[in-house]
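Hi there,

Here is the structure I promised to pass on. Have a look at it first, and then read on for what turned up in it.

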Amino acid sequence: MVTAASSFRAKTNFMKSWRPRTSPSNRDRLELYALHKQSVSGDAPDSSGDNNATTVADKAKLAAWRSKRGMSQGDAMARYIDECDRQLRVYGSRSDNNNGSSSPPRSSPMNEQQQQPAASTAEEPSTTTTTTTPGETSASFQSTTHHQNSNTNSNSNTPLNTPAAAEDGNDDGGVLLCPRGLAAIPLLCAAASESRSAYLARLQVTHPSNGWWAKQEPLCLEVNNPLSIPEKLILSLAAQIEQISLIVSEYMGEGHAVSIMSPRVLQAFLWPLHNVFLCTWISLILTTTYLGSMVMMCQTLLFGAKRTNTPLGRLFMEEVHPSARAVESLCEEHQVIGVRVAGLALMPLMMLCDFATSVVGRVGILVGSLVFVGMGVFSWWYWICVLPWLAVCGLCLAVMSGWCFGLIELAGN
């Protein structure tokens, strides 16, 4: 009988020797690392573990592992196997021209178990029932760097980076601080497109302790980072408004203290605020990513890529260019009006990123980086003053339009 643990061990051994035909994205590689770490070691430590994360790569791995907190080890094993199969389909396998042997063919967990040596000392982790944290979306930001080798952690034997990599022994060269916020933007846009009727219907079946906003956490920076205060403020305010919308059913409506008015009236009044907070969060994610890329680029220009472990080319490939394309996607026709307004407000960000990228293609990476940093410095007033002012104006407009939706709902009753 094939157990979950034995299938997991077989899949792990196979992935150590897998050499993909095309280079997987950093997010996909971090996803495998996080699922394997959760399967073997359980939940990630709290902020006390930050002291051991001294490099950008270590911090990215720790953040990816923490995103799986609350997932049982058995579920993590199953998701690891599924994710491995998905990446095998997406990236394929290539032949190793150095030794003349080809990569092992993709096989089912049953076949992999048959290939696994019978003598195995690993035990199946116990499975517990816990609350699962909200999953993160995957991004297709392509990395141009080589893979890392299959060195393992001394405590958990977790591959530092799967799939297996080239022969260089650099453990940190293959992972950049992955822009989690950029990967979540499509989901946030989809949430902002929720109609008023769908929003009200969702609130009717949602328990006050299970609110959507209450489950969210900062996507741009670590939770304990002081610079994440603006993002945490947005999430806190939105969660409080959602909490009011959820508990109002206990006090309004037929048979309650306020029986002359349906709770849907107040919920409809608060619906525009929900959408504006989503659009504000999207804008903050893109602005923070832009400013963070600028700071990282300054550090690399001053101290060199070896010390910062962040080559300029990868910054353009994995943060600058995706940020520009994310802003462009906000202005597409299928987006709701609030998201499109946010896209228009962030249009200068797209223009600066595209201009710097074009300079890189024409002159070189050094000049393009200097142009990117210089334009960011000279436009500080827009990111620090104008965008927050526009967000406040959006909240005021949401309150004014909320009266209209509340009256519409009251008239419908």
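Before the details, one cut-off: a residue counts as buried when its relative accessible area is under 20%, and as exposed when that value is over 50%. Please also keep in mind that this is a predicted model.

With that cut-off, Lys-11 is a good place to begin. Its relative accessible area is 0%, so Lys-11 is buried. The residue sits in helix α1, which covers residues 4–17. What does the side chain of Lys-11 make a polar contact with? The partner is the side chain of Asp-85, at 2.7 Å.

Now the chain as a whole. The protein chain has 15 helices and zero strands. Of its 413 residues, 47% are buried. Among contacts with a separation of 6 or more, 77% are between residues 24 or more positions apart. The protein chain exposes about 20,500 Å², and carbon and sulfur atoms supply 61% of that area.

On to the interior. The largest nonpolar core has 52 residues, and those touching the most other members are Ile-185, Trp-213, Trp-281, Leu-286, Met-297, Leu-330 and Phe-372. Two or more residues each come from α6 (180–192), α8 (229–247), α9, α11 (312–330), α12 (337–345), α13 (347–362), α14 (365–378) and α15 (380–412). The largest share is that of α9, with 15 residues. Leu-286 shows how such a member is surrounded: leaving out residues up to four places away in sequence, Leu-286 touches Leu-182, Ile-185, Ser-323, Ala-326, Val-327, Leu-330, Leu-346 and Leu-349. Another core, of 14 residues, lies apart from the largest one, and its members include Leu-32, Ala-76, Met-77 and Cys-84.

Helix α9 spans residues 263–303 and also holds Thr-300. Is Thr-300 buried or exposed? Thr-300 is buried, because its relative accessible area is 6%. Beyond its neighbours within four places in sequence, Thr-300 is in contact with Ala-305, Thr-308, Thr-310 and Leu-312.

You may like α15 as well. This helix has 33 residues and reaches 47 Å from its first C-alpha to its last, close to the 48 Å expected at 1.5 Å a residue. Where does α15 kink? The kink, of about 30 degrees, lies at Val-386, shortly before the proline Pro-388. Buried positions in α15 are Tyr-382, Trp-383, Leu-387, Ala-398, Gly-402, Gly-406 and Glu-409. The buried residues of α15 pack against α7 (196–204), α9, α12, α13 and α14. Ala-411 also belongs to α15, but its relative accessibility is 66%, so Ala-411 counts as exposed. From C-alpha to C-alpha, Ala-411 is 9.4 Å from Val-265, although 146 residues separate the two in sequence.

Last comes α2, residues 26–41. It has 16 residues and its first and last C-alpha atoms are 22 Å apart, close to the expected 22 Å at 1.5 Å a residue. Because 14 of the 16 residues of α2 are buried, the helix is largely enclosed by the rest of the structure. Gly-42 follows α2, and its phi is positive, near 80 degrees.

Happy to talk any of this through once you have had a look.

Best wishes

Note on methods. Residues are numbered from 1 along each chain as its sequence is written. This is a predicted model: local features need pLDDT of at least 70, side-chain atom pairs count only at pLDDT 80 or more; totals for chains, interfaces and linings use all residues. Side-chain values use heavy atoms; hydrogens and water are left out. Helices (H or I, at least four residues) and strands (E, at least two) are DSSP runs, numbered from the N terminus. Buried means under 20% relative accessible area, exposed over 50%, partly exposed in between (1.4 Å probe, protein chains only). A polar contact is a pair of N or O atoms within 3.5 Å; within protein, one must be able to donate a hydrogen and the other to accept it, and residues adjacent in sequence count only if both atoms are side-chain atoms. Contact means heavy atoms within 4.5 Å. A nonpolar core is a set of buried Ala, Val, Leu, Ile, Met, Phe, Trp, Tyr and Cys residues joined through side-chain atoms within 4.5 Å. Accessible areas come from the Shrake-Rupley method with a 1.4 Å probe; for residues, only the protein chains shown count as cover. The expected span of a helix is 1.5 Å times one less than its number of residues. The bend at a residue is the angle between axes fitted to the seven residues ending there and the seven starting there.
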